[in-house]
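Here are some notes for a colleague who has not yet looked at this structure. They take up the packing of helices on the sheet, the sheet itself and one pair of helices.

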Amino acid sequence: MKLLISPTEPPEIKRLGAISPKPEKYGVDILWFANRLKIGVQRKRFPDDFLASLYDDRIYKELAQMRSLDRAMLIVEGFGKWTNDGHLLDQRKFTKAQMFNLINTITFEFGVIVNRVRDMPETIQAIHAFYAWSEKTKHRSLTVRSNPAGKWGTPTSREWGLHLLQSFEGIGPDLAGKILDHFGKVPMRWEVTEKELIEVQGVGKVTAKKLREALG
């Protein structure tokens with residue numbers, strides 16, 4: 001990974017990239033460039049480092065500096081120990097409600113994503129994941145429908161039939177099941193031929209055949 005790491009970071013983080021004072025200019029501990037974007041991560045241990053930066057106003061300065069980044073993330077490392085009534089142990093003036101609202105402010109007012117992790121190893125995992133995500137030009141994981149388990153895309157697959165029917169407005173799981181039970185299959189068919197499907201760039205003979213067979 002081509003990361004620039006602040007000199008103040010612990011050895012475990014420094015091993016991720018090259019030591020540089022440049023991240024501090026943007027209020028972060030880790031800085032990199034991907035797809036012409038400036039991306040940075042600030043790391044705070046919770047509760048000690050996080051609260052200290054809160055009380056001395058350091059975190060507000062850093063968040064303001066992060067505005068010059070294209071993508072920014074605050075990793076809060078550790079969850080702390082709380083009383084049953086929602087107060088932080090040894091810091092009874094600090095409550096869970098305050099923590100939730102601070103995260104809301106950081107996210108919505110400063111535009112910095114907050115990622116909470118358990119410890120240093122999870123911090124490193126989060127940085128690796130964020131770096132890999134930033135290297136991609138497109139992110140489609142939430143725009144592509146996941147496949148249900150089972151034999152997918154065949155007229156005899158009940159899971160596939162239920163999944164397909166529910167893509168139509170007004171068709172929920174119960175109604176989709178009733179339609180399948182009544183007709184014994186998905187009552188749909190292609191209005192184009194296999195030959196016409198192959199004319200679509202990226203659709204070969206095998207795919208065209210499967211598409212035709214899927215709807216009978």
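1. Helix α3 lies across two strands, β4 (37-45) and β5 (71-77), and its direction makes about 105° with that of β4. This is read from a predicted model.

2. Helix α5, residues 96-108, also packs on the sheet. The strands that α5 touches are β5 and β8, and α5 runs at about 140° to β8.

3. The sheet is open and has six strands, with mixed pairing. Read across, the order is β2-β1-β3-β4-β5-β8. The edges are held by β2 (18-19) and β8 (113-117); each has a single partner strand, so one side of each has no neighbour in the sheet.

4. At the β2 edge, the partner is β1, as the strand order shows. Strand β1 covers residues 4-5 and is joined to β2 by two bridges, the two strands running parallel. In this pair, Leu4 is placed opposite Ala18 of β2.

5. Helix α3 (residues 48-55) also meets helix α4 (residues 58-66): their axes come within 5 Å and cross at roughly 85°. Angles of 65 to 115 degrees count as roughly perpendicular, so α3 is roughly perpendicular to α4.

6. On the α3 side, this contact is made by Asp49, Phe50, Ala52, Ser53 and Leu54, and on the α4 side by Arg58, Ile59 and Tyr60. Sorted by class, the contact of α3 with α4 holds five nonpolar residues, two charged and one polar.

Definitions and conventions:
Residues are numbered from 1 along each chain as its sequence is written. This is a predicted model: local features need pLDDT of at least 70, side-chain atom pairs count only at pLDDT 80 or more; totals for chains, interfaces and linings use all residues. Side-chain values use heavy atoms; hydrogens and water are left out. Axes are lines fitted to C-alpha atoms, for helices over the stretch in contact, and angles run from 0 to 180 degrees between N-to-C directions. Helices (H or I, at least four residues) and strands (E, at least two) are DSSP runs, numbered from the N terminus. Angles under 35 degrees count as roughly parallel, over 145 as roughly antiparallel, 65 to 115 as roughly perpendicular and the rest as oblique. Contact means heavy atoms within 4.5 Å. Ala, Val, Leu, Ile, Met, Phe, Trp, Tyr, Cys and Pro count as nonpolar, Asp, Glu, Lys and Arg as charged, and the others, Gly among them, as polar. Two strands pair if DSSP finds at least two bridges between them.
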